[in-house]
Amino acid sequence: MARRKKIYEGKAKTLYEGPEPGTIVQYFKDDATAFNAEKKAVIEGKGVLNNFLSEYFMTGLTNIGVPTHFLKRINMREQLVRSCEIVPLEVIVRNYAAGTMAKRLGLEEGTQLPRPIVEYCLKDDALGDPLVTEEHIAAFGWASQQDMDDILSLALRVNDFMSGVLYGVGIRLVDFKIEIGRIYDGDFQRLIVADEISPDSCRLWDIETGQKLDKDVFRRDLGSLTDAYTEVAKRLGVLPKGATPIRPTLIN
Ligand code: C5P
């Protein structure tokens, strides 16, 4: 079989050329990184869990009319997605103070925010993805005003959907990050949700106990990341109840 062409290798995923023009195969690795890759580990089964969870969230978004790059899951670790031009911003939505916002503003983690707050960071690993304002975005031309209106609307719709779905299984959506892709349909361009939505890019706390079920388990050495992600997957019915954490031997 001909070797696939690798397009890009990131920290948690590798992208390959897809079978049709305009498609990409997104492969989820077991690699975990934190603090701009200063902390690294290989966490058995993480890629499989994120592949399934991202499929779950992206499919749900598509079903309520929020456009995403997701086309279909191919196997345990890979999904087919639409190729798009990534807007060079990380879009963060926060419902409760945590992480860098808690630190920056001196807020206690878990404080409910008066309303969802959307932040933008420039996607630049060398600079540590710095927080930027809409003034920076406009002045440097990273996105137009129309793009920013569309991005804000997408981000808040994703927040409403994710918050509701997770609340239904006893999980609080504290915050999350999404990436936005630009696609061209003839003369028109559209913005869509791209990359992944998984516990790698969200903060998820058990509503009853406050237990962390996201990448902070790895960042802060709080136990087994696979167990935390498996718990999220089980509650959402992405993994059958009683299933043991997925092992790489199941990869097809
Ligand atoms: O670190 P910070 O508090 O700014 O992160 C906010 C949210 O964005 C968290 O859910 C975190 O997992 C996510 N994030 C991400 N990738 C980054 C930065 C933040 O997924 N590069």
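These are my notes on the ligand site and one pocket of this structure, which is a predicted model.

**Entry 1: who surrounds the ligand?**
I started with the residues around the ligand and found 15 of them. The closest are E90, R94, T100, D175 and R203. Sorted by class, this shell holds 8 charged, 4 nonpolar and 3 polar residues. I then looked up where the shell comes from: β9, α2 (99–105), β12 and β14 (202–206) each provide at least two of its residues.

**Entry 2: polar atoms beside the ligand.**
Next I checked distances to oxygen atoms of the ligand. For T100, a polar side-chain atom sits 2.5 Å from a ligand oxygen. R219 also brings a polar side-chain atom, at 2.9 Å from an oxygen atom of the ligand. With S201 I had to look at the backbone, where a polar atom is 3.5 Å from a ligand oxygen. I also noted the cover: on its own the ligand has 460 Å² of accessible area, and the protein covers 81% of that.

**Entry 3: the second largest pocket.**
Then I turned to the second largest pocket, which holds about 230 Å³ of space. Its lining counts 15 residues, and N95, Y96, Q112, S163 and L173 are the closest to the centre. Which element gives the most to this lining? It is β10, with 5 residues. I listed the elements that supply at least two lining residues each: β9 (89–96), β10 (112–122), α4 (145–167) and β12 (171–185). By class, I wrote down 8 nonpolar, 4 polar and 3 charged residues for the pocket lining.

**Entry 4: a link to remember.**
I see β9 and β12 named for the ligand shell, and both are named for the pocket lining too.

Note on methods. Residues are numbered from 1 along each chain as its sequence is written. This is a predicted model: local features need pLDDT of at least 70, side-chain atom pairs count only at pLDDT 80 or more; totals for chains, interfaces and linings use all residues. Side-chain values use heavy atoms; hydrogens and water are left out. On a 1 Å grid over the protein atoms alone, a cavity is a set of points where a 1.4 Å probe fits but cannot get out, and a pocket is an open set with protein on both sides within 12 Å along at least five of seven lines; lining residues have an atom within 4 Å of a point. Grid points are joined across faces, edges and corners, and a volume is the space filled by probe spheres set on the points. Helices (H or I, at least four residues) and strands (E, at least two) are DSSP runs, numbered from the N terminus. Ala, Val, Leu, Ile, Met, Phe, Trp, Tyr, Cys and Pro count as nonpolar, Asp, Glu, Lys and Arg as charged, and the others, Gly among them, as polar. A residue is near a molecule or strand if one of its heavy atoms lies within 4 Å of it. A polar contact is a pair of N or O atoms within 3.5 Å; within protein, one must be able to donate a hydrogen and the other to accept it, and residues adjacent in sequence count only if both atoms are side-chain atoms. Accessible areas come from the Shrake-Rupley method with a 1.4 Å probe; for residues, only the protein chains shown count as cover.
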